[in-house]
Amino acid sequence: MPQLHIFPIRHHGPGSARSLEHALEALQPDIVLVEGPADADALLPFLTRPDTEPPVALLAYVQDDPARASFWPFAAFSPEYVAFRWAAKAGAKAHFMDLPASATLGFGAQDEEEDPGLSNVDLLNVDLYSDPLRLLAEAAGYSDFERWWETLVEARGGHDAGAMSQEAQPTAHSSPGKADGQVFAAVLEAMHAVREDVPAASGREAMREAQMRQTIRAALGEGFQRVAVVCGAWHAPALDPQAFAAKDDAALLKGLPKAKVSLTWVPWTHGRLSQSSGYGAGVRSPGYYQHLFSTPHNVTERWFARAARLLREEKLEASSASVIEATRLANSLAALRSRALPGLDELNEAALSVFGWDSDLPLRLIGEKLIVGEALGHVPDDTPSVPLAQDLARLQKRLRLKVQAEQHELALDLRKNGDLERSALFHRLKLLGVPWAQERYSAGLGTFKENWALRWQPEFSVRLVEASRYGQTVEDAATAHSIGAARNAGTLAELTQLLEEIRYADLTRAVPPALDALNARAALSADVGDLLDALPPLARLARYGDVRGREGGGDAAAAGTFRTLLTRAAVGLPTAAISLSAESAEALRTQVQRGDAAIRLLDSADALAEWHDALERLAGRDDVAPLLAGDAVRRLRDAGRLGAAEVERRMGLALGAAQPLDVTAWLGGFLGDSGTLLVHDGALLALLDDWLCGLDAEAFQETLPLLRRVFSRLGKPERRAIGESLRGSGQRLTETEIDETLGLQVIPVVARLLGLDGLGLKGAPRADS
């Protein structure tokens, strides 16, 4: 007679995974049904192949909108993965049984916001729904569910954990395994009690459970004698097909939405498993769970041995004696708390006490490297994927680039063809929104050196799917994306930055369209700030564009476009500086700084002359923002266009302004972030000192905060040198009438404090008068 065996598990729970493996081995079912999208059955052979290394994830995405995607992660310690692996080894049938991904993604964007299955569940019961077994463990006094599960198993005589077993007929029941090993049956009974106290599932949650019941009915109808069902503990009480009418389930599933989806396997990481939002699975300690699953004996001792090895690799002290002491302490803490085995809390407290000393660095290392970990899975090379992802995999293999979850540094020498190709690949992926490689600072400009930090993230698989609409190879996709971005760019600065990236990515077909878009927008733009922001990328291209050894890359065109933009900016700069607020003046000053640096980088005498002429016109006007006028005078002085006498004259005029606030703004622009000029130019310092000493009390109070802000930008050595220069120049005292009578009144009090009151100071009043 057909038998149905329901195994309520905790998703990604190593304890329930190990118990499930023993239970399946004892039961030897004909078919295993696992919670998961029913339309992914065709991909199951890839999951159980020897060259698949978990963690991996099942990825489903809408073909016309790849951004609508869902992941189902599987770790080595996931009961679902254990079930499929056992079925493949035993030769049993295995299927997913949940709503198909086409329906899940067909529901639309509300999947990301809420689950209608919770609509009738009180908000206080959300934790009960998402992880009911954890709450049962906490009710039993355990902060670590896995240790609670291990305690249950050991208290019942090892890992012969059974399952709730019921006949396909409503009146017959049977149970595999021994009575003292019915952990799954106990959990199922507890979940029955829990679900009796909350409203029945509705909406999408009810649809999911109806789909699972229909799958179970189909398996029983096909003649399988022993049907094993592996599902989350919350669903287990609702999967008895005899307790629900088949016609009601069929009606509930009628009219399900159906999106056109594609499914594949992608590598996953422990870091993503530890996240409770986005694509994470909400597992707080995947590295620790992996340790529990792969270490059947001496769990605590081996954990601290791994911790000690890690700390020694990081040049921290961790001896064998420390391992022994930490193990004893963890066991003692567990005993004091009436727990059979140490949990993660006890392990962390023992590690902090023994290895931490006066720092939490060892515990943070253990948390990052061991408790969470950054293991990256691997899927077979022939796993179905989009052509773009296949092309990237080929490039990674040909260029010998490691794909791993942990960050590693890579230095490139652009004089070598292999490194030049790696650099182009990294820049192309950056354009496609796949920042696998992040560029790091490299000393000097225009050199042949690049530094990159590489770290693969699972979500890059989705981004590759999204980018595949641009092309089938990385080069084609990056080219098409760049051309589209050039046509849709909002500012000149965006266009020039894009052009620079296109050159670094060696996308020669995208250069002409980008230059055409740049020239067209430059002819219409009158925004001086945007024009100045567009100069730095063009200057780098014009100066260093041939460092990569490429021909015909458009660097000459970049130089020509640079001069065109510079001319337009130089013509409009003086008038753009008129009647600006303080915030607008500061923003334009920042843009002037960037433009000035770009022009000096280009090192063209004609360009510099044109720029300095524009600065002189700006500095010579009386109606421009004082901040910009002071900045222009300083730049002209540094360039040698203004002599010392002229700078003193202009500073004197600025200090003679009627409004002290205008003076401080001018000084802010003139001094910038360096006070070296005042340190070495005594005449300018004297002018500033005379102006400050001549302020009346009210003007001084108004000016002081702004002056403090100006001088706070200077370095401490510069401020100290300015103060010493002023002290050496002599003090300027203002004649003030002194009331000697008031001054003498304090003398008797001071004399008494010093014990001199009996000496009788001449002219001083008595202390008691």
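**Exercise 1. The second largest pocket**

Work out how much space lies in the second largest pocket of this predicted model, and what lines that pocket.

*Solution.*
Step 1. Take the volume: the second largest pocket holds about 820 Å³ of space.
Step 2. Go to the lining, which has 30 residues. Pro267, Val379, Asp381, Ala393 and Gln396 are the closest of them to the pocket centre.
Step 3. Assign the lining to elements. Strands E3 and E8 and helices H18 (387–398) and H20 (460–467) each give at least two residues. H18 supplies the largest share, 7 residues.
Step 4. Sort by chemistry: 18 lining residues are nonpolar, 9 polar and 3 charged.

**Exercise 2. Strand E3 and its partners**

Determine whether strand E3 (residues 56–62) is enclosed or not, and which strands pair with it.

*Solution.*
Step 1. Apply the cut-off: buried means under 20% relative accessible area. 7 of the 7 residues of E3 are buried, so the strand is largely enclosed by the rest of the structure.
Step 2. Check both faces. Val56, Leu58, Ala60 and Val62 point one way, Ala57, Leu59 and Tyr61 the other, and all are buried.
Step 3. Find one partner. Strand E4 (residues 65–74) runs antiparallel to E3 and is joined to it by 7 bridges. Ala60 faces Ser70 of E4. The two strands make a hairpin, with 2 residues between them.
Step 4. Find another partner. Strand E8 (residues 261–267) also pairs with E3 in the antiparallel sense, over 7 bridges. Here Val56 has Pro267 as its bridge partner. Pro267 is also among the lining residues closest to the centre of the second largest pocket.

**Exercise 3. Salt bridges**

Trace the salt bridges of Asp638 and Arg621, and classify the exposure of Arg634, Arg637, Arg621 and Asp623.

*Solution.*
Step 1. Set the scale: the structure holds 35 salt bridges.
Step 2. Start at Asp638. Its salt bridge with Arg634 has closest N and O atoms 3.2 Å apart. The two residues lie 4 apart in helix H29 (residues 626–638), so about one helical turn separates them.
Step 3. Asp638 also bridges to Arg637, with closest N and O atoms 3.3 Å apart.
Step 4. Compare the arginines. Arg634 is buried at 14% relative accessibility, whereas Arg637 is partly exposed at 32%.
Step 5. Note a network: salt bridges with shared partners join Glu586, Arg589, Asp596, Arg600, Asp631 and Arg635.
Step 6. Finish with Arg621. It forms a salt bridge with Asp623, closest N and O atoms 3.0 Å apart. Arg621 is partly exposed at 31%, and Asp623 is partly exposed at 38%.

Key: Residues numbered from 1 in each chain as written. Predicted model: local features only at pLDDT ≥ 70, side-chain atom pairs only at ≥ 80, totals over all residues. Heavy atoms only, no water. Buried < 20%, exposed > 50% of the residue type's maximum accessible area, 1.4 Å probe, protein only. Pairing = 2+ DSSP bridges. 1 Å grid on protein atoms, 1.4 Å probe; cavity = no way out; pocket = protein on both sides within 12 Å on 5 of 7 lines; lining within 4 Å. Points joined across faces, edges and corners; volume = space filled by probe spheres on them. Nonpolar A, V, L, I, M, F, W, Y, C, P; charged D, E, K, R; others polar. Salt bridge = Lys/Arg side-chain N within 4 Å of Asp/Glu carboxyl O.
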